[in-house]
Every structure is written in C-alpha cells, then in structure tokens.
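Thanks for coming. I'll put the structure on the screen and then walk through its parts.

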Amino acid sequence: MVEDVRTDQWQLFDIRGIRQVSRWSKLIPQENQVFLAFNEDTPALFQSFLSQSICTVAQLDNVPGNKDHLVLLDLPESEEQLAAVLAKLKPKRIYAHFHAKDSQYFEQIPTREQFKWLFAFIKKRGSFDFNKHCDELAKHKGWRRESIFFMLQVFFELGFVTLNNGITEIAQSPSKQDLSEAPIYKKREQQIALEQKLLYASYKDLKEWFDAKVSAKEEEIWI
C-alpha cells in the first residue's frame with residue numbers, strides 16, 4: 001500500500017539543472033500555484049512549455065499571498081529579494097529551478113595580479129585597441145575575451161582609463177581606489193556569492209538557507 005506523506009512543514013523540491021521543463025512541470029499542481037520569474041526575459045524562455053501563466057516579480061503586488069506552490073524559475077537579484085517573496089507568498093512547497101542565463105560562478109573574478117599586469121601593459125603601450133588586439137592578448141596570456149573586457153570595464157568605472165571607440169588609454173592623474181569599489185566588480189562578487197548559495201549549493205545547504213528565511217518570518221509574526 002502507498003500512502004501520501006502529509007506534513008505541516010514546508011517542503012523544498014530541487015529541480016535545479018533539469019533543463020527539460022516537461023520532466024518537472026508535471027509535478028506542479030494546477031491550483032494555488034505561481035510560476036515566478038525575477039528577470040523580465042525569463043518568461044519568454046519557459047512560457048511555450050507551460051500551460052500556466054508566468055508572473056514576474058514586478059507583478060507580484062497583484063498576486064494574493066499564501067500560495068501552496070511556488071516555482072522559482074530563475075535566480076533573484078539578491079537574497080533579500082527572494083526573502084521578500086517568501087514573506088509575501090508564504091508557500092507550502094517551493095520548487096527551486098533557478099535558471100541562470102549568464103552564470104558567473106565558474107567565470108570567477110580575475111586576480112589582482114591580472115588587473116595589475118593589464119594596467120601596466122596598457123600604460124607601456126600608450127593605448128590598447130580591444131577590437132583589434134584582444135584575441136591576440138587573450139591567446140598570449142591564456143585569458144578569455146570576457147575577462148579582459150571585464151577588467152577594462154572596472155578600470156573605466158574607477159576612472160583609471162578612458163574608452164573611445166574601443167580604444168583604451170590611461171587617464172590623466174587617476175585617483176587611488178580599490179578594484180572592489182567599481183560597481184561592476186561588486187555586482188560580479190554578489191552574483192557569484194548568490195549562485196554559490198542558491199544554484200550550486202547542495203540540497204542540504206539550500207534547505208537550510210530556506211529554513212532560516214522561513215523561520216525568521218514566522219518569528220516576526222509571533223513577536
């Protein structure tokens with residue numbers, strides 16, 4: 001005999017990494033559920049595979065709380081954003097898919113030695129034409145184009161260099177700032193940390209993360 005296992009506690013269903021939507025969409029009950037997307041581009045990736053409509057986080061104010069089933073299609077912008085969603089919807093079952101269009105976890109951040117070398121290289125040359133010489137430099141150093149472009153963006157945001165039609169030149173009298181002060185650097189750090197906690201964490205660690213958020217909201221209710 002097979003019996004349904006009933007529990008008063010919330011449940012987490014790990015559907016991360018399952019690319020075929022048909023393999024997990026049939027697990028989601030038809031009633032009192034919400035398919036949620038944090039990124040506005042995400043619905044277009046999934047809607048053709050789902051009979052249910054997809055709600056974006058921007059539309060969440062129009063969704064009533066106390067949902068039985070919450071499907072997290074992609075990654076939030078921050079832990080705080082996801083925690084706010086949990087507080088509003090109070091789901092009994094959470095299905096974590098967490099699609100990441102441009103995962104940064106394995107890309108990581110270039111080392112400070114790499115930043116230092118690239119800056120000295122541009123300074124010695126006088127200028128650097130990204131469009132013409134990026135591939136050559138990437139091959140020489142064993143770097144990816146994306147890494148070089150990222151470092152140039154960091155330099156530009158900190159005012160270390162100027163960019164004009166792909167030509168990079170050292171700025172006159174740049175102020176001393178730490179690399180981590182660049183907005184794009186901070187964003188990459190936050191993205192990697194978020195992916196580590198939500199997308200690449202073990203089921204046990206992910207469950208503990210959700211437990212902490214759910215428990216915190218329950219405590220606020222009783223205080």
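Which strands does helix H6 lie across, and at about what angle does it run to E7? Before I answer, please note that this is a predicted model.

Helix H6, residues 145-157, lies across E6, E7 and E8. It runs at about 115° to E7. Those strands make up an open sheet of three, in the order E6-E8-E7, and the pairing is antiparallel. Strand E6, at 128-129, and strand E7, at 161-164, are the edge strands, each pairing on one side only. Strand E8, residues 167-170, is joined to E7 by four bridges in the antiparallel sense. If you want one pair to look for, Thr 162 has Glu 169 in E8 as its bridge partner.

Now to helix H4, residues 112-125. How far apart are its end C-alpha atoms? They are 20 Å apart. With 14 residues, at 1.5 Å a residue, the helix should span 20 Å, so the two values agree.

Which residues of H4 are buried? They are Phe 115, Leu 118 and Ile 122. Looking down the axis of H4, the buried residues fall within an arc of 70°, so they line one face of the helix. On the other side of H4 are Glu 113, Lys 116, Lys 123 and Lys 124, which are exposed.

What covers the buried residues of H4? The cover includes two strands of the sheet I just described, E6 and E8. It also includes H6, together with helix H5, at 130-141, and helix H7, at 183-198. Just after H4 comes Gly 126, with a positive phi of about 95°.

Next, the other sheet on my list. It is an open sheet of five strands with parallel pairing, in the order E1-E5-E4-E2-E3. Its edge strands are E1, at 11-14, and E3, at 54-56; each of these pairs on one side only. From one strand to the next, the twist averages 25°.

Helix H3, residues 79-89, packs on this sheet. H3 touches strand E2 at 33-37, strand E4 at 69-74, and E5. The direction of H3 makes about 160° with that of E4.

Back to the edge strand E1: how many bridges join it to E5? There are four, and E1 and E5, the latter at residues 93-99, run parallel. Across this pairing, Leu 12 stands opposite Ile 94 in E5.

That is the end of the walk-through.

How values were computed: Residues numbered from 1 in each chain as written. Predicted model: local features only at pLDDT ≥ 70, side-chain atom pairs only at ≥ 80, totals over all residues. Heavy atoms only, no water. Pairing = 2+ DSSP bridges. Contact = heavy atoms within 4.5 Å. Axes fitted to C-alpha atoms, helices over the stretch in contact; angles between N-to-C directions. Expected span 1.5 Å × (residues − 1). Buried < 20%, exposed > 50% of the residue type's maximum accessible area, 1.4 Å probe, protein only. Arc of directions from axis to C-beta.
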